[in-house]
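Visitor: I'd like to walk through this one with you, question by question. Can you pull it up?

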Amino acid sequence: MTIDMTRPAPEKEPERQYHFMDLLKEALEQEQTESGKTRTYSITTMGCQMNARDSEKLRGILEYIGYREAAREKDADLVIYNTCCVRENAEQKVYGKLGYLKGFKKQNPNLKICLCGCMMQEDAVLEKIQKSYPQVDLIFGTHNIYKFAELLATMEESGSRIIDIWQAHGEIVEDLPSLRKFGFKASVNIMFGCDNFCTYCIVPYVRGRERSRKPEEILKEIRDLAADGVKEIQLLGQNVNSYGRGLEEPITFAELLYKIAEIEGIERIRFMTSHPKDLSDDLIQAMRDIPQLMPHFHLPLQSGSSELLHRMNRHYDKARYLERAEALQAAVPGISLTTDIIVGFPGETEEDFEETLDVVRKVGFDSAFTFIYSPRIGTPAAVMEQAPEEVTKPRFDRLLKVLEEVIEENNQKRLHQTYHVLAESVSKNGMLTGRTETNQLVHFEAPECMIGQIVPVTLDESKIYYFIGHLERTCIIA
Ligand code: 5AD
Ligand code: SF4
C-alpha cells in the first residue's frame, strides 16, 4: 500500500484523523483496483462495555477506510485485540493468542497484528510485548484510541512496528465514525476514567482521571442515534453517578437524564456503572419519575463487610449499601438490582464473607458478576497479605449457590407476568432473544422480522440465568 504522507495534515481534531482516513481510503482503493482484493479485519474485544464501545469506534474507522470484517480471524489482514487488565486471566488469554497468531503470520505474511486497550497502559506488559512478541505491529493505549487512523497510516507507510502509549489523557475527540452492533440500541459514553482508586482496581491507572463529556455533545449524539432508529441507549461511565463534576457548567447525572428523556424516539434508557457512595436521592427520584428509565440498577457491592469495604476504599459500609438498595426498591417497585462481588480480597475472614452472603440474601439480587480477587501490580491491595486459593475457591462456590437460590426465588415471582422485551437477535435454539425492562434475558418464539421491536412477552419458565417466555399474540400489529 502506498500512502502519500507528504500531504500536510491538519492540526485540529477530528479533521486530522479524517485526513489520515482519507489517505488510507485512497491507498486501499488503489490497491483494490490493482489486486482485486479487499482488505479485511477482525476485532476481539475483552472486558467491559467501555471496551465494547471503543471497538465500535475502531470498526467505524476501518469501515470508513474500506476494510471489511473477515468471516474468521484466520482470514483477516488486520487482527486487533482490544484488551482488558482488570483480572489476570484476561491478560493470560492475550499472551496465548499472540503465540497462536504467530502461526497465522507464516501463512499470511501481510497479516498485521494490533494490540490496544487497558492492558497496553501497564508498563510491565508493554515491556514484555516489546521484548518477547515481535509479531505485534501496532500498539496503542486507551488515551489515544481516536488516533487509530493516523497510527495505522504511519505503520503502513513506515513498514515498521509502531508503539504509541500516552500516560495521561488528552482532549476528548468527538465526531469520529463508529459502527454499531445493533441498529436499534446503542451505547453512549458520558464520561471516561475513574478517580475512585478502589484498592484492588487497576482502572484508574489505565483509564486515567475522571472526565465528563459536555452535555450538549452527549445530547447531540443521542438525537442523531434516535434519528437513525435507535430506541434504547445505554449510558456508559466507570462511575456515572459523579457525571458532571469538573465541567465548566455544572450538571448532575440526574439532570442529564431528564434532558435525555426529552429526546423523541428514545424509548429506553439504561446506564452503567454506578457507585453506591455517589448514588443520590435525586437519581433515585429520577428512576421513579422518568418513564424511559428502565427499572434496573447495577450497583456493585464488592463486599458486604464494612471492614473490608473500608480497606477497599469504597467509602460506604454495609448499612449504607442496604439503605440505598432499599430506597431504590421502595421508589421503583419490581426494580431489578444487579451487582459485582469480589471474593477473597486480602484479609477476608469467614465473618466478612458471611456479611457478603447476608447482603446478597437481604437485597435479593436478580443477577451478579462474581469474581475471585486477582492481585494487580501497582494497586495497594496487591501488596496486602493474599488469601490462599483453598480458602477463596470454596467461598466463591458457596456464593454462587446462594446467588442461584436468591435469583431463582426472584424469578419465580416474575413468572406469568408480561414484560416488554426489546427483541435483539435469534438465539442458538432458533428462538428470538431479548431483554425485559428489568434487563432479564428471555427466549421466545417469534418471527425474525420482530427483531428491533419492543414486544409483550409473558415469562413461562425460569432457567435461572434466563427465561423462556411466549409472545402475547393478541398484541401483534401486523
Ligand atoms: N480482582 C477481582 N475483581 C476485580 N474487579 C475489579 N478489579 C478486580 C480485581 N483486582 C471487579 C469489580 C468491578 C468489576 C468490573 O471487576 O467487582 O466492579
Ligand atoms: Fe475500579 Fe473502583 Fe473505579 Fe470501579 S469505581 S473502576 S472498581 S476504581
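Visitor: Which strands each supply at least two residues of the shell around ligand 1?

Guide: First off, keep in mind that this is a predicted model. The shell around ligand 1 includes Asp340 and Ile342, along with Phe371 and Ile372. Put those numbers against the strand ranges, and the two suppliers are β13 (336–343) and β14 (367–372).

Visitor: How do the residues of that shell around ligand 1 divide into nonpolar, polar and charged?

Guide: Let's go through the names. Arg87, Asp340 and Arg376 are in the shell, and Asp and Arg count as charged. Gln302 and Ser374 are there too, and residues of those kinds fall under polar. The split for ligand 1 comes out as six nonpolar, two polar and three charged.

Visitor: Which residue puts a polar side-chain atom 2.6 Å from an oxygen atom of ligand 1?

Guide: Two of the polar contacts use the backbone instead. Tyr200 has a backbone N or O atom 3.0 Å from a nitrogen atom of ligand 1, and a polar backbone atom of Ser374 is 2.8 Å from a nitrogen atom of the ligand. The side-chain contact to an oxygen atom, at 2.6 Å, belongs to Gln302.

Visitor: How much of the accessible area of ligand 1 does the protein cover?

Guide: On its own, ligand 1 has 400 Å² of accessible area. With the protein around it, the covered share is 85%.

Visitor: Arg376 is in that shell too. Is Arg376 buried or exposed, and which backbone oxygen does its side chain reach?

Guide: Arg376 is found in the loop between β14 and α13 (389–414). Its relative accessible area is 4%, so it counts as buried. At 2.8 Å, the side chain of Arg376 reaches the backbone oxygen of Cys85.

Visitor: Over to ligand 2. Which residue around ligand 2 is also in the shell of ligand 1?

Guide: Around ligand 2 you find, among others, Cys194, Cys198, Cys201, His275 and Arg314. That shell divides into seven nonpolar, three polar and one charged. Check its names against the shell of ligand 1 and the one on both lists is Tyr200.

Visitor: Which residues form one aromatic cluster with Tyr200?

Guide: One of the partners, Tyr373, is also in the shell around ligand 1. The cluster partners of Tyr200 are Phe345 and Tyr373.

Visitor: How many aromatic pairs does the structure hold, and what are the centre distance and plane angle of Tyr95 and Tyr133?

Guide: The structure holds 13 aromatic pairs. Tyr95 and Tyr133 form a stacked one, with Tyr95 in helix α3 (residues 88–107) and Tyr133 in the loop between α4 (123–132) and β5 (138–140), 38 residues apart. Tyr95 counts as buried because its relative accessibility is 10%, and Tyr133 does too at 15%. The geometry you asked for is 5.6 Å centre to centre and 25 degrees between the planes.

Visitor: Tyr146 and Trp166 also pair up. Which partner is buried and which is partly exposed?

Guide: This pair is edge-to-face, with 6.0 Å between centres and 75 degrees between the planes. Under 20% relative accessible area means buried. Tyr146 has 12% and Trp166 has 22%, so the buried partner is Tyr146 and the partly exposed one is Trp166.

Visitor: Which lysine lies over the face of Tyr95?

Guide: There's a lysine over Tyr64 as well: the charged end of Lys25 sits 5.1 Å from the centre of that ring. For Tyr95, at 3.9 Å from the ring centre, the residue is Lys128.

Visitor: Now the backbone oddities. Which residues does the cis peptide bond with omega near -5 degrees join?

Guide: One cis bond joins Glu13 and Pro14, with omega about 5 degrees, and Pro14 is in the segment before α1 (15–35). For omega near -5 degrees, look to Thr273 in the loop between β11 (268–272) and α9 (281–289). That bond runs from Met272 to Thr273.

Visitor: What relative accessible area does Asp175 have?

Guide: Asp175 lies in the loop between β6 and β7. Its phi is positive, about 65 degrees, although it is not a glycine. Asp175 counts as partly exposed because its relative accessible area is 46%.

Terms used. Residues are numbered from 1 along each chain as its sequence is written. Chains are lettered from A and ligands numbered from 1 in the order in which they are written. This is a predicted model: local features need pLDDT of at least 70, side-chain atom pairs count only at pLDDT 80 or more; totals for chains, interfaces and linings use all residues. Side-chain values use heavy atoms; hydrogens and water are left out. A residue is near a molecule or strand if one of its heavy atoms lies within 4 Å of it. A polar contact is a pair of N or O atoms within 3.5 Å; within protein, one must be able to donate a hydrogen and the other to accept it, and residues adjacent in sequence count only if both atoms are side-chain atoms. Accessible areas come from the Shrake-Rupley method with a 1.4 Å probe; for residues, only the protein chains shown count as cover. Helices (H or I, at least four residues) and strands (E, at least two) are DSSP runs, numbered from the N terminus. Rings of Phe, Tyr and Trp (its six-membered ring) pair if their centres lie within 6.5 Å; planes under 30 degrees apart count as stacked, over 60 as edge-to-face and the rest as tilted. Buried means under 20% relative accessible area, exposed over 50%, partly exposed in between (1.4 Å probe, protein chains only). A charge sits over a ring if NZ of Lys or CZ of Arg is within 6 Å of the ring centre and within 35 degrees of the ring normal.
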